Amino acid sequence: MPELPEVETVKRVLKNKLSGLVIKNIKLNYAKTIEYPLSEIFIKNIINQKINDVKRRGKWLIFDLDDYYLLSHLRMEGKYNFKSNGDLENKHEHVIFYLSDNTELRYQDTRKFGRMHLINKADLDTYSKLLELGYEPWDDQLTVKYLKDKYKNKKLAVKSVVLDQSIIVGIGNIYADEILFLSHINPLKSANLLTDKELTSIIVNTKDVLTKAIALGGTTIRTFSAGDNHGNFQDQLLVHGKEKQACLVCGDIIKKIKVGGRGTYYCPTCQK
DNA sequence: GTGACCACCTGGCCGC
DNA sequence: TGCGGCCAGGTGGTCA
């Protein structure tokens with residue numbers, strides 16, 4: 001399940017392999033992957049566009065083409081595979097880009113949740129999907145004052161609020177558990193009751209956890225991969241997926257509960 | 001404005 | 001062995 005570190009890892013691989021290549025043709029096996037514009041227009045416009053760069057904003061990949069930006073969200077299980085011409089297609093490869101070096105970039109998504117948008121270059125700064133996003137974890141404007149203001153009316157559990165992409169981008173279910181564990185915050189605590197010290201911890205640990213995860217290539221859980229790379233951060237996880245195991249800090253047993261419909265792992269002693 | 005709930009999807013797992 | 005039901009979770013839409 002790609003979160004910011006996984007998307008950043010994918011971005012680096014794609015940028016390295018795709019820069020300068022031209023999309024010569026495209027095959028769409030699952031039309032709903034294209035959310036905007038209509039798939040016919042999407043195909044017509046993207047053919048013969050050169051890939052100049054690949055960027056990231058939150059969990060969105062942004063392909064910088066000649067006349068357009070291709071936005072790609074991997075959602076739960078989306079990933080990109082590099083294949084040679086003629087390689088057998090698997091049934092989960094929904095979009096195939098035929099490239100000018102006679103290779104293929106294939107978008108694979110087992111659960112078909114991922115979506116793509118092709119927008120005019122002039123629209124990037126005002127496009128709603130990106131406009132609604134909050135600050136990147138390393139943005140200088142991500143401060144205690146900012147979080148306090150955003151959280152002041154949020155009675156929701158902090159676990160649910162840190163997943164809110166309109167406040168801080170890139171945190172998903174796995175890293176939310178890790179960040180709250182390192183911050184010694186109970187995931188059920190109301191966001192509007194967090195102290196300045198706790199907000200500071202969230203900011204610091206968000207940066208630390210995501211930075212380490214990127215350095216290790218993300219977290220490989222079930223299906224994430226980026227080209228030939230598999231993440232190694234899963235070895236560093238302290239609570240996520242550790243139900244009924246001993247907490248590495250205090251020895252208490254890690255619990256699993258549901259918060260906002262999400263599976264949530266925490267240590268009852270470290271996160272009172 | 002806020003929060004709860006549901007839909008989108010498929011594969012893996014579990015119990016029967 | 002086969003079947004049905006549940007679970008996983010990021011995001012958007014709807015409704016109270």
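In this predicted model, leucine 147 touches Leu142, Ile167, Ile168, Leu199, Ile202 and Ile203, when residues up to four places away in sequence are not counted. Apart from the core to which Leu147 belongs lies another core, of 26 residues, among them Leu18, Phe42, Leu65 and Leu118.

The largest nonpolar core has 27 residues, and those that touch the most other members are Leu147, Tyr151, Val158, Ile167, Tyr175, Leu194 and Ile202. Two or more residues of this core come from each of the elements H4, H5, H6 and H7, and H7 gives the most, with 6 residues.

Helix H7 covers residues 196–215, and at 1.5 Å a residue its 20 residues should span 28 Å, which agrees with the 29 Å that separates its end C-alpha atoms. Its buried residues are Glu198, Leu199, Ile202, Ile203, Asn205, Thr206, Val209, Leu210, Ala213 and Ile214, and the buried residues of H7 pack against helix H1 (4–18), helix H4 (144–151), helix H5 (158–162) and helix H6 (173–182). After H7 comes glycine 217, whose phi is positive, near 80°.

How do the axes of H4 and H7 cross, and within what distance do they come? The two axes come within 9 Å and cross at roughly 110°; because angles of 65 to 115 degrees count as roughly perpendicular, H4 is roughly perpendicular to H7. On the H4 side the contact is made by Val144, Leu147, Lys148 and Tyr151, and on the H7 side by Asp196, Leu199, Thr200, Ile202 and Ile203. The residues of this contact divide into 6 nonpolar, 1 polar and 2 charged.

Some backbone features of the loops also deserve a note. Tyrosine 36 and proline 37 are joined by a cis peptide bond, with omega about -5°, and proline 37 is found in the loop between strand S2 (34–36) and helix H2 (39–46). Two residues other than glycine, asparagine 102 and lysine 112, have a positive phi, and the table sets out their loops and accessibility.

| Residue | Phi | Loop | Relative accessible area |
|---|---|---|---|
| Asparagine 102 | near 65° | between strand S7 (93–99) and strand S8 (103–109) | 54% |
| Lysine 112 | near 60° | between S8 and strand S9 (115–120) | 33% |

Asparagine 102 is exposed, because its relative accessible area of 54% is over the 50% cut-off, whereas lysine 112, with 33%, is partly exposed.

How values were computed: Residues are numbered from 1 along each chain as its sequence is written. Chains are lettered from A and ligands numbered from 1 in the order in which they are written. This is a predicted model: local features need pLDDT of at least 70, side-chain atom pairs count only at pLDDT 80 or more; totals for chains, interfaces and linings use all residues. Side-chain values use heavy atoms; hydrogens and water are left out. Helices (H or I, at least four residues) and strands (E, at least two) are DSSP runs, numbered from the N terminus. The expected span of a helix is 1.5 Å times one less than its number of residues. Buried means under 20% relative accessible area, exposed over 50%, partly exposed in between (1.4 Å probe, protein chains only). Contact means heavy atoms within 4.5 Å. A nonpolar core is a set of buried Ala, Val, Leu, Ile, Met, Phe, Trp, Tyr and Cys residues joined through side-chain atoms within 4.5 Å. Axes are lines fitted to C-alpha atoms, for helices over the stretch in contact, and angles run from 0 to 180 degrees between N-to-C directions. Angles under 35 degrees count as roughly parallel, over 145 as roughly antiparallel, 65 to 115 as roughly perpendicular and the rest as oblique. Ala, Val, Leu, Ile, Met, Phe, Trp, Tyr, Cys and Pro count as nonpolar, Asp, Glu, Lys and Arg as charged, and the others, Gly among them, as polar.
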